[in-house]
Amino acid sequence: MPLCVCVGATGVLTKDSSLACLTSNPKAKDNIALLKGLGLSAVLGLEPIEFDWKPGLARTGHDIGFNAEQAATVDERLIVRDEEGGVKGFRYQEFTAVLTKALQELVAKVTGLEARMDQQQREIDELKKLVDA
């Protein structure tokens, strides 16, 4: 794993070869709130792509991912911009929160549909009793 330089939760600059730089500790955060506005609609708005890396870059070969410029049209929070304001890249690490929100939304929909089906089945069963009587 590559060596990363990061600022830890205490503000100390460290070198790290793990994902410890990406802290989820609430002590390092202010203004914590549930994610709003990103979820299933954002996931459905993205266009997953496959592509070949151009020669001369650190990465090579065939790959999959997202077009950061297209992702910017979905929500600016999904991308990183460079100093000039140009689209620099997709925020893959943060995207896990969006995927989690989308999954929660789907589970809520499925749960609602299951409850509705159960209610409809009870109504069908009652109507069958009336017809058979």
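Which residue forms a salt bridge with R91? Let's work through this and a few related exercises on this predicted model.

**Exercise 1.** Find the partner of R91 and decide how open to the surroundings the two residues are.

*Solution.*
- Step 1: R91 pairs with E94, and their closest N and O atoms are 3.2 Å apart.
- Step 2: The cut-off for a salt bridge is within 4 Å, so the pair qualifies.
- Step 3: R91 has a relative accessibility of 28%, so R91 counts as partly exposed. E94, with a relative accessible area of 40%, is partly exposed too.

**Exercise 2.** Describe the contact between E76 and R81.

*Solution.*
- Step 1: The two side chains meet in a salt bridge, with 2.7 Å from N to O.
- Step 2: E76 is partly exposed because its relative accessibility is 41%.
- Step 3: R81 reaches 36%, and therefore counts as partly exposed.

**Exercise 3.** Locate the salt bridge of K129 and classify both residues.

*Solution.*
- Step 1: The partner is E126, and the closest N and O atoms lie 3.6 Å apart.
- Step 2: Both K129 and E126 belong to helix α3, residues 92-132. They sit three residues apart, about one turn of the helix.
- Step 3: Exposed means over 50%. K129 has a relative accessible area of 53%, so K129 is exposed. E126, at 45%, is partly exposed.

**Exercise 4.** How many salt bridges does the model have in total?

*Solution.* The count comes to five, among them the pair of K129 and E126.

Terms used: Residues numbered from 1 in each chain as written. Predicted model: local features only at pLDDT ≥ 70, side-chain atom pairs only at ≥ 80, totals over all residues. Heavy atoms only, no water. Buried < 20%, exposed > 50% of the residue type's maximum accessible area, 1.4 Å probe, protein only. Helix = DSSP H or I, 4+ residues; strand = E, 2+ residues; numbered from the N terminus.
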